[in-house]
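This report looks at enclosed space inside a protein model. Have the sequence and the structure at hand while reading.

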There are 2 protein chains.
Amino acid sequence: MANKSLIEETPFSHLAVVLVAARNPLNIGAAARVMSNFGFQHLRVVNPYEVAFREARSAVGAAALLKNATQHLNIAGAVADCSLVVGTTDARNRKLDHDLRPLSEGVEAIHRHLQSGRAALLFGSEKRGLSNHDLSYCHWLVHIPTQEEHPSMNLGQAVAICLYEFVRGFNTAPTGRKQPSATSGTLDRLSAILRDTLCAAGYLEKSHGASTDHKIRRLVRRLNLSARDADVWSGMLRQVLWRMQSKD
Amino acid sequence: MANKSLIEETPFSHLAVVLVAARNPLNIGAAARVMSNFGFQHLRVVNPYEVAFREARSAVGAAALLKNATQHLNIAGAVADCSLVVGTTDARNRKLDHDLRPLSEGVEAIHRHLQSGRAALLFGSEKRGLSNHDLSYCHWLVHIPTQEEHPSMNLGQAVAICLYEFVRGFNTAPTGRKQPSATSGTLDRLSAILRDTLCAAGYLEKSHGASTDHKIRRLVRRLNLSARDADVWSGMLRQVLWRMQSKD
């Protein structure tokens with residue numbers, strides 16, 4: 001029964017819920033349970049603190065979903081096949097470089113995207129939320145409208161609210177097709193070529209730090225490239241890079 | 001701080017969240033936590049299974065709210081001062097005598113009521129939900145749109161979703177910091193640098209036609225650059241171009 005529903009095509013077959021560095025297996029189980037409540041299937045877990053999360057008793061009625069969850073060593077692997085990556089944040093005490101949308105508006109945009117490509121919705125760890133490294137993989141962010149004095153939500157509750165917002169607006173799901181967007185893996189390759197090009201040009205130090213890589217990744221994400229345009233840019237940069245190297 | 005907010009008049013000062021016969025103190029704590037996240041103050045607990053619920057560790061940031069929760073022996077006492085009593089249900093396997101509304105519609109009606117009177121929102125026990133006795137105190141019911149095969153929600157998550165629906169309408173959002181977009185003139189200059197760079201790299205013929213210029217212009221327009229990002233890209237390309245030319 002549960003296995004059958006896991007392979008069925010549903011409105012949310014192309015959305016992955018990604019939990020990054022979750023510490024408490026009960027929260028992973030609670031996320032699985034509410035996914036099952038609302039008809040979501042694909043759970044991806046990046047670097048969980050406890051590897052025994054698959055036995056979480058809190059996953060009432062969602063054992064199959066939890067069993068089928070995929071586990072990833074890093075966030076790049078978890079979102080490589082997604083052409084839209086959206087992070088969740090309480091948006092306090094952090095200088096954000098990202099476009100930040102109210103949950104309702106963000107979910108509407110994700111809905112539209114799901115008609116032409118895969119999307120991932122990211123949740124950070126209970127203590128710290130998403131790190132700057134995690135955020136550098138995101139196209140934009142959504143936030144839940146909590147009180148300023150009490151922004152910190154329980155992870156299972158945050159997942160519940162976000163997924164509810166999807167089923168809530170279900171009848172009003174808009175239409176309209178656009179070019180398929182570039183996947184996260186494609187954007188990573190483009191970012192790498194850009195980085196190499198900038199190093200070869202002397203714009204970047206060869207020994208630049210991780211924060212520079214994050215900046216480049218975000219810069220490329222903000223372009224909202226279609227798969228086709230991402231190929232064009234990669235081709236152009238490759239040629240430029242080749243030219244600079246061949247002259248050395 | 002927390003005590004101050006407990007006596008302040010807020011949009012939700014007249015709404016009580018009532019948990020009837022909750023078994024797990026962690027769920028009571030989770031309800032308190034999300035109430036605090038969304039600015040609700042009045043928690044009422046009817047016949048909890050464990051009386052030590054006030055120590056629930058799950059009430060992160062909501063200790064004061066939990067301390068101020070009132071405890072009641074029966075539901076009549078818990079809702080005596082309320083002029084609207086609304087129950088929550090998954091509405092399965094039960095012959096309901098009540099008007100049943102989707103959560104969004106129900107919350108709108110409760111909102112209207114709060115302008116003139118007190119209201120209570122009731123949640124039943126984890127195992128059985130609200131009993132027929134509990135339901136007999138309700139004016140009508142709301143339900144969360146879960147999947148037919150997996151209707152049973154975690155109590156803390158159900159409370160979270162219902163309260164989110166209340167604040168959803170209010171945009172307390174730190175508004176998305178949308179960067180000003182690049183002007184057409186800026187994009188033209190960027191397109192020109194890109195063209196020169198691609199010529200220098202041998203990607204384009206120096207004697208390319210106007211239609212190639214058009215393609216480049218459209219490619220750059222599709223990036224939807226902010227003014228700041230357009231400057232960054234121009235700077236990068238200028239450096240790349242300079243590097244290629246200096247090597248000729």
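## The largest cavity

In this predicted model, the largest cavity has a volume of about 40 Å³. Its lining draws on both chains. Chain A gives A:W233, A:M236, A:L237 and A:V240. Chain B gives B:L194, B:T197, B:L198 and B:L237.

Two elements each give two or more residues to this lining: helix 10 (227-246) of chain A and helix 8 (184-200) of chain B. Helix 10 of chain A makes the largest share, with 4 residues. By residue class, the lining of the largest cavity holds 7 nonpolar residues and 1 polar one, with no charged residue.

## The second largest cavity

The structure holds 2 cavities of 30 Å³ or more. The second largest encloses about 30 Å³ of space. Chain A lines the second largest cavity with A:L194, A:L198 and A:L237. From chain B come B:W233, B:M236, B:L237 and B:V240.

Here, helix 8 (184-200) of chain A and helix 10 (227-246) of chain B each supply at least two lining residues. Helix 10 of chain B gives the largest share, 4 residues. The lining of the second largest cavity has 7 nonpolar residues, no polar ones and no charged ones.

## The two linings together

Which helix gives the largest share of each lining? For the largest cavity, the answer is helix 10 of chain A. For the second largest cavity, the answer is helix 10 of chain B.

A:L237 and B:L237 appear in the lining of the largest cavity. A:L237 and B:L237 also appear in the lining of the second largest cavity.

How values were computed:
Residues numbered from 1 in each chain as written. Chains lettered and ligands numbered in written order. Predicted model: local features only at pLDDT ≥ 70, side-chain atom pairs only at ≥ 80, totals over all residues. Heavy atoms only, no water. 1 Å grid on protein atoms, 1.4 Å probe; cavity = no way out; pocket = protein on both sides within 12 Å on 5 of 7 lines; lining within 4 Å. Points joined across faces, edges and corners; volume = space filled by probe spheres on them. Nonpolar A, V, L, I, M, F, W, Y, C, P; charged D, E, K, R; others polar.
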